[in-house]
Amino acid sequence: MSREGHRRGGVRVPLWVRILLCIGMGIIIILSRVKLVSFPEFDSLHSAPLVGVNVNSLFTDKYLSGRAWGTYIPQLLFALTPGHSQWEGDDPRRAPVVGLLWSDVNGKNLRYECEVPEKSRVTFRYAEHSHSSGKFVAEDAKLRSSISASWRVRSGAIDVNTQVVNRYANRTVKLYFYVDDAEGSLGDYRISGLEEATQRQLKWPSAEKFNVAELIQLRKRKIRKNGKILPGFDLVDGGGDCKDQSCLSLWVVEVADNATLRVRLESEKIAGSSDVDDEGYETAVRRLWPNLKREMYHAVASVVGGVADTRGELLVKDGPPVNRSLISMVPSRSFFPRGFLWDEGFHLLLMEEWDPTRALHDRTIANPPALLLTIRSVIAEPKENFNTVESVGPILRTLVAPHLDGWYDFLDKTQASPFSTSSTRCPRWTGRTAAHNLASGLDDYPRGVLVDEGLECHVDLTSWMVLFADTMVKINSTAVGVRPTRFWRSERERLQSLLRTTMVNEKGIFSDLIGRQIVEKRKGKEGSVLSRPPWVGRGTAGQCSPMNGIECDPYSDAPCCSPSGWCGGSRDHCECEGCIRYLPLEERMKKDKAFGRKYTISAAPVHSPHVGYVTIFPLLLGLLHPIEDRQIILATIDVINKELMTPYGLGSLSKSDQLYRMGEDYWRGKIWGNINLLAIGALRHYGSVMDDSTISEMADSIRKGYMKTVEDGFKKKKSIYENYTPDRGEPAGAAPFTGWTAVAYVLATEEDNHWWEKAVGTLSADQARHERYVSDEL
């Protein structure tokens, strides 16, 4: 993957207009993945039709040059490379890279790629990060050293100041400063500050050129390239001398004591800002989030430093790969170094405030349309912010709206229960299994043991689609290809009606309709849904124990239990002496008399017995009217208080649920930042409009608990984590997770509820009804 060039003009346009362009481009890319938008032969994303919008004049030279170089390869610990506005080469692997590696004195334990800290024993983060400068910090427990690199990019030069702190005397660390410029794009560059270093111009280990990423892989292990096994390649001892500057230039410095290495790379080809001074990272953070603790400023830096500016082939499951370029943030540089639609909507909530211009498969698989949050936030801005010719109105109505319409159409056609009628189309996530619902973004959050997609309705997807329809009402587009506003009003009302009539259970709370399920027959428990299947338990995934009643999932590709206690689908698991093949539950009721006496299949669709994040989704997205829906609001808040509240934030599944902390335990109790952020905002909102201080106090309690959990986890592990355990608030999941965990922490520091009111807010119809109610009362 590499970066694509971007033509630029000189007309100054407001940041909010440029953010809309990025959102529109993101939607185009998303829709192109599911083949709802056709593109001409790929020359540029600008081939999408625009009416009254001059795309090439939306970015100024000054703006683009200030961001021409950056940390756009998030999976590397520290590397600088040109962004899409600077690199114009044809081969996506050939863009120049300037970076830093380190190792022990023997060249082993080479630190180059971001790895999970528990594996590498290296914790890393950006301590500062702005558009043309920043500071990278790493703690290497194995080498007992601290490495930091401060960089600044200016027109014609890149400065990198590296500091090494060795905790033990006579501990030698090797630093490798490299310039990977296979195409000679930097021209006749000059290096200063490395006069005492050993310089090597290394040939690549084959006739075909490799970039530095492939070179490091060769250093780690033998790999196959073009049908040939290539030898391991040593950065220090391997490779011959090379006079050609397009080879890898490597400078090796041995550091036995604490030291500072000041390196400057000069080239006329380096584009950058000519400004001598800028606002400064700490000043900017303090201005935007005055309540953020100084020791947690790195949370902002790590989010904005995770921007990936990439280009390459996008794989499509049932079609040929397509070339696309994409600017996105990544949730975790070590574990998820790529963009996710579900996550990006939350990332943009922070990026929108920091640098708005940056705010930016299988054809039937969807993902939560969280980008709506940023679009709504833009719509909510005061009109005086859009006072230029190329204002927010034309961009929304001509660029964004047509693709939003197509996106909604995709969801409506591919994520609806097949057996529902045209008037009662019930949204449900396609591809659900007994164990997972990956499209929902909530992965192993439990729905139903049996999959009955034709008769299922999912609360979270329906909530997203209500918000989607309301967003289209707010945009009020009359562009060709966009359905009229009256259609969107009708859709919003239809979906709201479905939520209130079909997806509310007998307890008066929201609940998925999960089709026909296995229910109890025994007296006193008649009709109770089987919520915990016999193959789910605590312990190592994939293990089985017939003696303890722990089976293998008969609906998976590993339905058999081997004598050694492992699930699988091979002959050694299914056809050996002592092997057990577990039957699907529908068949077991017929063949296992004991099981058949206990259970049967319900005659009609039932509601999910599980209570958790899905239960509170309509509240999180502000879909409930404070007067007309008062009872269900109070019931939902009661669920939050009694079932999900912990001292560390809101857990994802009720503590009384039979699947709480069971199986993979991903969304089965863990505390997640994105949902806690929405809950804080929603409870603040409803506490205010309902004039109920207890609701507001609950929001404050969640806010304080979650923020302290993140802070304590960082003090203990030196990283921000993907999620946290609900019993002790321990860090869990991927790290460093500088996606929505960091975003939620930063935005939660805001004393007002401005971000939620902009990004979510009330439905336009509810606002009008509320104003009429207040008027009548007066």
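At 2% relative accessibility, cysteine 561 counts as buried, the term being used for residues under 20% relative accessible area, with exposed meaning over 50% and partly exposed the range in between (1.4 Å probe, protein chains only). The structure is a predicted model, in which local features need pLDDT of at least 70 and side-chain atom pairs count only at pLDDT 80 or more, while totals for chains, interfaces and linings use all residues. Residues are numbered from 1 along each chain as its sequence is written, and side-chain values use heavy atoms, with hydrogens and water left out.

Cysteine 561 leads straight to the disulfides, each defined as a pair of cysteine sulfur atoms within 2.5 Å. The count by this rule is five. One of them joins cysteine 561 to cysteine 544, with an S to S distance of 2.1 Å. This link is right-handed, with 90° about the S-S bond. It connects distant parts of the chain, 17 residues apart: cysteine 544 lies in the loop between strand 19 (518–520) and strand 20, and cysteine 561 in strand 20. Here helices (H or I, at least four residues) and strands (E, at least two) are DSSP runs, numbered from the N terminus. Cysteine 544 is buried as well, at a relative accessible area of 8%.

A further disulfide is formed by cysteine 552 and cysteine 567, again with S to S 2.1 Å. The link of cysteine 552 and cysteine 567 is left-handed, at -90° about the S-S bond. Cysteine 552 sits in the loop between strand 19 and strand 20, whereas cysteine 567 belongs to strand 21, so that distant parts of the chain, 15 residues apart, are linked. Cysteine 552 has 0% relative accessibility and counts as buried; cysteine 567 is also buried, at 19%.

Cysteine 560 and cysteine 574 make another such pair, with S to S 2.0 Å. Their link is right-handed, with 100° about the S-S bond. It ties cysteine 560 in strand 20 to cysteine 574 in helix 12 (residues 571–574), distant parts of the chain that are 14 residues apart. Cysteine 560 is buried at 0% relative accessibility, and cysteine 574 is buried with a relative accessible area of 14%. Elsewhere in the chain, cysteine 114 is buried too, at 7%.

How are the strands around these cysteines arranged? Three strands form an open sheet in the order 21-20-22, with antiparallel pairing; two strands pair if DSSP finds at least two bridges between them. Strand 21 (567–568) and strand 22 (580–581) stand at the edges with a single partner strand each, so one side of each has no neighbour in the sheet. Strand 20 (residues 560–561) pairs with strand 22 in the antiparallel sense over two bridges, and cysteine 560 stands opposite arginine 581 of strand 22. Strands of a sheet pair through backbone hydrogen bonds, either parallel or antiparallel.

A word on confidence is useful here. The chain averages a pLDDT of 79, and 74% of its residues score at least 70, pLDDT being the predictor's confidence in each residue, from 0 to 100. Among the elements of the chain, strand 26 (residues 671–672) has the highest mean pLDDT, 97, and strand 12 (residues 228–230) the lowest, 41. Over residues 204–210 the pLDDT is below 50, yet this stretch has 23 contacts in the model beyond near neighbours in sequence, a contact meaning heavy atoms within 4.5 Å. Residues 385–390 likewise have pLDDT below 50, with 15 contacts beyond near neighbours in sequence.
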